[in-house]
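Student: I should like to understand how the terms for charged pairs and surface residues are applied. May we go through them one at a time?

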Amino acid sequence: MPIAPDAETLADFAGSLVLFGAGKMGSALLEGWLRLGLDPRKVAIVDPQPSATVTRLGVSINPPRLDQPATVLVLAVKPQIAAEVMPQAAKFVSSTLVLSVMAGKTIRYLEAGLPARAAVVRAMPNTPAAVGRGMTVAVPNAAVSSAQRGLAQRLLGAVGEVEWVADEGLMDAVTAVSGSGPAYVFLLAESLAKAGVAAGLPPDLAAHLARATVAGSGELLHRSPLDAATLRENVTSPGGTTAAALSILMAADGLDPLLREAVLAAARRSRDLAG
């Protein structure tokens, strides 16, 4: 699995890291940290049902206590169980960087469940973190020091690109665009394969063509200095086959309004999860 571009080594990480939640996102983060040299003996996982993969990584699993407060506490549990997790997590916090990747849970919510003046970074990564190509947006509270922000950058950067914002109000839209966005892309591949079958292709071939086309186009978009609109125009000949398809997708009732409605629905749900 590749290391994220420009990721910094974590071999010099001092102290301890406690990770609450070793599901898909928690595991992706953990594997990224270990690839960058983080000593597994400095990591403790709190999860009632850790996967067999996690248990083989050499980290501590569900320790009864730590000898000292954690240097970093990472909250990677589902937001629906945040209320039951926060009292246990607070026990690990002193002069600790608390890094939360829980969807919808605000800094204000986190601060209310932690010791006073806790340093909190709220972040929203996405599932391509599992292959080192994640996109994370983060926002710190006022208690986060420059050194702690740098440490958060290193930890999040282990699995992809990181952007910082000062306005937490943007995080619901971030969640709707990049947090949920991979599902939209996977749906595109799924729908493209179905359309290929409708056009006469065998299902296996249609699925292969759709998957490879979406993956290859994403890589081209990643590597090219050109924006998405220009790349689209470059493969669209006037009066050609692509133009015929785009006349449907770019119609007034086409893809743009549907995707706008979908993103707004996801943003509303993110706000609902804040409670």
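Tutor: A search of the whole structure finds six salt bridges. This is a predicted model, in which local features need pLDDT of at least 70 and side-chain atom pairs count only at pLDDT 80 or more, while totals for chains, interfaces and linings use all residues. Residues are numbered from 1 along each chain as its sequence is written, and side-chain values use heavy atoms, with hydrogens and water left out.

Student: Why is the contact of Arg133 and Glu219 called a salt bridge?

Tutor: The term requires a side-chain nitrogen of Lys or Arg within 4 Å of a carboxyl oxygen of Asp or Glu. For Arg133 and Glu219 the N to O distance is 2.9 Å, so the pair meets the definition. Arg133 belongs to the loop between strand S6 (119–124) and strand S7 (134–140), and Glu219 to helix H8 (residues 203–223), so the pair ties together parts that are 86 residues apart in sequence. Helices (H or I, at least four residues) and strands (E, at least two) are DSSP runs, numbered from the N terminus.

Student: What makes Arg133, Glu219 and Arg223 one network?

Tutor: Arg223 also forms a salt bridge with Glu219, at 2.8 Å from N to O. Salt bridges that share partners therefore join Arg133, Glu219 and Arg223. Arg223 and Glu219 both lie in helix H8, four residues apart, about one turn of the helix.

Student: How do you know whether Arg223 and Glu219 are buried or exposed?

Tutor: Buried means under 20% relative accessible area, exposed over 50%, and partly exposed in between (1.4 Å probe, protein chains only). Arg223 has 65%, so Arg223 counts as exposed. Glu219, at 25%, is therefore partly exposed.

Student: What makes Glu190 and Lys194 a salt bridge, and which label does each residue receive?

Tutor: Their closest N and O atoms are 3.6 Å apart, so the distance satisfies the cut-off. Both residues lie in helix H7 (residues 181–198), four residues apart. Glu190 has a relative accessible area of 42% and is therefore partly exposed, whereas Lys194, at 56%, counts as exposed.

Student: Why can Leu255 belong to a surface patch?

Tutor: Patches are made of residues with over 30% relative accessible area and no salt bridge; like charges are joined within 9 Å, and nonpolar side chains (Val, Leu, Ile, Met, Phe, Trp, Tyr) within 5 Å. Leu255 has 45%, so its accessibility passes that cut-off. Leu255 makes a nonpolar patch of about 370 Å² with Leu249, Met250 and Leu259; accessible areas come from the Shrake-Rupley method with a 1.4 Å probe, and for residues only the protein chains shown count as cover.
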